[in-house]
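User: I would like to learn how to read helix faces, cores and pockets from a model. Please take one feature at a time.

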Amino acid sequence: EKLKAQGNLAVSPTVVTYNALIHALAKSKRRNAGEEAMCVLERMRRLPDIEPNTRSYNSVINAVSKSGRTPVESSLSLLSEMEDALIIPDVVTYNSVLNCLANGTDASSQEILSQAEQIFSGILSGDLEPTTITFNTMMKIHLRHNKNDPVQSIQNLLDLMETSSATKRPVKPNAISFTSCMAAWASSSRPEKLDRTRAIFQAMRDHYRSGNKQCKPNLSALNLLLRSCQNVPGDQKLVRQTVAEVLSLLQSESVPRDNSTYTLALQAISSDPVGTEAGGLLTVIAEACIRDRRDSQEFQKQLHLIRARRRNEDQTPSR
């Protein structure tokens with residue numbers, strides 16, 4: 001810009017130059033990258049020989065989604081500006097706006113959900129082809145902002161992705177798609193949550209075995225299986241079976257663990273830790289935790305409580 005001002009037109013910045021700068025800001029970890037990207041866009045609009053394009057707005061919205069102070073307000077305002085300037089949004093534009101809505105705290109959850117549903121419906125009914133990111137971001141919005149029934153809404157999104165394989169616009173689910181749905185079920189209070197979470201995990205494995213390498217089961221999925229075992233009413237046989245299967249998969253699939261994995265396993269069997277089967281499972285969990293060097297303070301606390309309960313039950317005289 002300085003050289004251009006001095007009359008050297010051979011090195012004048014173009015729209016590609018400004019887009020590259022905005023893209024770099026979006027990729028950076030600068031705290032004010034969103035505001036800086038919007039300033040660059042404003043500078044472009046003031047120049048008579050530079051016209052921002054779809055890529056310009058996409059990069060600005062992306063920057064705002066990561067570091068903007070008001071991502072909801074800013075992204076919707078930028079989308080409106082595009083439409084006023086007859087700049088056609090593409091699916092990347094809408095995906096970035098949806099991500100702003102998912103990350104936003106500058107609007108009510110009800111308003112965010114309403115805006116997201118409107119955008120998503122427009123994509124499905126229009127000429128644009130939704131992507132895996134579109135669906136995954138909608139799932140994230142429901143997880144964070146749907147205060148009524150996120151489980152059913154997210155399950156419907158996953159079902160729509162799976163049935164789309166028979167349509168002209170197929171969208172393949174990936175690991176994030178399945179774990180998002182598992183997270184919704186695992187955190188619900190529905191009595192069927194363990195059965196549904198297990199079914200989703202099995203579908204994830206089936207997709208991976210059929211060639212979709214983006215669906216490889218990961219630690220997040222296994223931890224969610226363990227989380228779904230908590231507060232399950234009735235017979236705990238399926239809970240113990242699930243915990244045993246997860247421990248087996250951790251070994252056979254060489255999945256990396258974190259400090260919460262074995263604590264979640266203990267919490268899963270804490271509802272009914274009495275009996276030979278539970279005792280054997282408790283030993284397996286403790287030995288695996290020590291072997292993997294994941295013996296955290298929280299794990300020891302949970303282990304102590306369960307062992308104390310088992311001792312109390314053993315000492316209680318039968319009637």
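User: Which residues of α2 are exposed on the other side from its buried ones?

Analyst: An α-helix has 3.6 residues a turn, so residues three or four places apart point the same way. In this predicted model, V16 and K27 are exposed on that other side of α2. The buried residues of the helix are Y18, N19, I22, L25 and A26. Viewed down the axis of α2, these buried residues lie within an arc of 120 degrees, so they line one face.

User: What covers the buried residues of α2?

Analyst: The cover includes α3 (33–46) and α4 (54–67). As for α2 itself, residues 15–27 make up its 13 residues, and the helix reaches 18 Å from first C-alpha to last, close to the 18 Å expected at 1.5 Å a residue.

User: Which residues touch the most other members of the largest nonpolar core?

Analyst: They are I141, V243 and I285, out of 84 residues in that core. Helix α10 (residues 175–186) gives the most to the core, with 7 residues. Leaving aside residues up to four places away in sequence, I285 touches V243, L247, Y262, A265, L266, I269 and F299.

User: What is the volume of the largest pocket, and which residues lie nearest its centre?

Analyst: Rolling a probe the size of a water molecule over the atoms shows where empty space is left. Here the largest pocket has a volume of about 350 Å³. Its lining has 14 residues, and N62, V92, N95, S96 and I133 lie nearest the centre. The elements giving two or more residues to this lining are α4, α6 (91–103) and α8 (132–145).

Technical notes:
Residues are numbered from 1 along each chain as its sequence is written. This is a predicted model: local features need pLDDT of at least 70, side-chain atom pairs count only at pLDDT 80 or more; totals for chains, interfaces and linings use all residues. Side-chain values use heavy atoms; hydrogens and water are left out. Helices (H or I, at least four residues) and strands (E, at least two) are DSSP runs, numbered from the N terminus. The expected span of a helix is 1.5 Å times one less than its number of residues. Buried means under 20% relative accessible area, exposed over 50%, partly exposed in between (1.4 Å probe, protein chains only). The arc is that of the directions from the helix axis to the C-beta atoms. Contact means heavy atoms within 4.5 Å. A nonpolar core is a set of buried Ala, Val, Leu, Ile, Met, Phe, Trp, Tyr and Cys residues joined through side-chain atoms within 4.5 Å. On a 1 Å grid over the protein atoms alone, a cavity is a set of points where a 1.4 Å probe fits but cannot get out, and a pocket is an open set with protein on both sides within 12 Å along at least five of seven lines; lining residues have an atom within 4 Å of a point. Grid points are joined across faces, edges and corners, and a volume is the space filled by probe spheres set on the points.
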